[in-house]
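Hi,

Here is the structure I promised to pass on, with my notes underneath. Could you open it first and keep it beside you while you read?

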Amino acid sequence: SRTNEGWFYEGGGLHRPVTVVTVPAVRIAEHGVYVTSEPKGKLGEDVTAAATTVRVSVELVRSNTDDHHYSVIADVIDPTSPTTVLHSASEQGAISNETLHLTMEVPSLKLWWSGKHTDKPALYMLRARLMHANTVLDEVSVTFGVRRAVFKADSGFWLNGVPLLIDRDQRDTLDLRSASVSLR
């Protein structure tokens, strides 16, 4: 634009940060990895780790029509050593805009919260990789913790087998938004 024209802007183009993201034709959907964990056995104040069932849902998106076979590999990563894979599971097949479900039985994972220690949760990383012909096409990592949250009519809220009084001071520091909750 030249000066004195009706619709002009001195910048003459983009005037804010712009990011262009390129994605493969077959990929993991944005926010497409969901992890739930259920500790097994009796929990209580002295229990710090438990055998755990980890369920993973990975939503895939496909923008082409090829019929190649793909695989999804889900790894539970040790929080103290990011290069150590504690457990792994995979699912494979022809992908066509679907959600794959993987289940892992992990012998022992630290509980997110144990006893009276709520200030330092034990968190794990789950890495989901979409593979084709030994090539990683897409990779997404999410953080999760192992916990059992239960509301009982006669005794209130229990977290990992320990009754927990949620008072005004704890509400700001204790994040239970993604806890699995069941009524008994």
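Let me start with the overall build. The chain has one helix and 11 strands, where helices (H or I, at least four residues) and strands (E, at least two) are DSSP runs, numbered from the N terminus. Reading from the N terminus, the order is β-β-β-β-β-β-β-β-β-β-α-β.

Before the details, some housekeeping. This is a predicted model, with local features needing pLDDT of at least 70 and side-chain atom pairs counting only at pLDDT 80 or more, while totals for chains, interfaces and linings use all residues. Residues are numbered from 1 along each chain as its sequence is written, and side-chain values use heavy atoms, with hydrogens and water left out.

Some totals next. The chain has 184 residues, and 36% of them count as buried; buried means under 20% relative accessible area, exposed over 50%, and partly exposed in between (1.4 Å probe, protein chains only). About 12100 Å² of the chain is exposed, and carbon and sulfur atoms supply 50% of that. Those areas come from the Shrake-Rupley method with a 1.4 Å probe, and for residues only the protein chains shown count as cover. If you take the contacts (heavy atoms within 4.5 Å) between residues at least 6 apart in sequence, 61% join residues at least 24 apart.

Now the strand pairing. Two strands pair if DSSP finds at least two bridges between them. Strand E1 (residues 26-39) runs antiparallel to strand E2 (residues 49-62), and 10 bridges join the two. In that pairing, Ser-37 has Val-54 of E2 as its bridge partner. E2 also pairs with strand E5 (residues 99-110), again in the antiparallel sense and over 10 bridges. There, Val-58 is matched with Leu-100 in E5.

Further along, strand E8 (residues 149-152) and strand E9 (residues 156-159) are antiparallel and joined by four bridges. They make a hairpin with three residues between them. Look for Phe-151, whose bridge partner in E9 is Phe-157.

On to the charged side chains. Side chains of opposite charge can pair when their charged atoms come close. I counted a salt bridge wherever a side-chain nitrogen of Lys or Arg is within 4 Å of a carboxyl oxygen of Asp or Glu, and the count comes to four.

One of them joins Glu-38 and Arg-148, at 3.0 Å from N to O. Glu-38 is in strand E1 and Arg-148 in the loop between E7 and E8, so this pair ties together parts 110 residues apart in sequence. Glu-38 is partly exposed, at 31% relative accessibility, whereas Arg-148 is buried, with a relative accessible area of 19%.

Which residues are linked in a network of salt bridges? They are Asp-75, Arg-127 and Arg-129. Between Arg-127 and Asp-75, the closest N and O atoms are 2.7 Å apart. Arg-127 lies in strand E6 and Asp-75 in strand E3 (residues 69-77), so the pair ties together parts 52 residues apart in sequence. The side chains of Arg-129 and Asp-75 also meet in a salt bridge, at 2.8 Å from N to O. That pair links distant parts of the chain too, with Arg-129 in E6 and Asp-75 in E3, 54 residues apart. As for burial, Asp-75 is buried at 2% relative accessibility, and Arg-129 is buried at 18%.

Two backbone angles are worth a look. Most residues other than glycine have a negative phi. His-31, however, has a positive phi, near 55°. This residue sits within strand E1 and, at 75% relative accessibility, counts as exposed. Asn-134 also has a positive phi, near 60°. Its place is the loop between strand E6 (123-132) and strand E7 (135-145), and Asn-134 is exposed, with a relative accessible area of 78%.

One last spot to find on screen is Lys-42, in the loop between E1 and E2. Lys-42 is exposed, with a relative accessible area of 77%. How many Å separate the C-alpha atoms of Lys-42 and Gly-161? The separation is 7.3 Å, although the two are 119 residues apart along the chain.

Cheers
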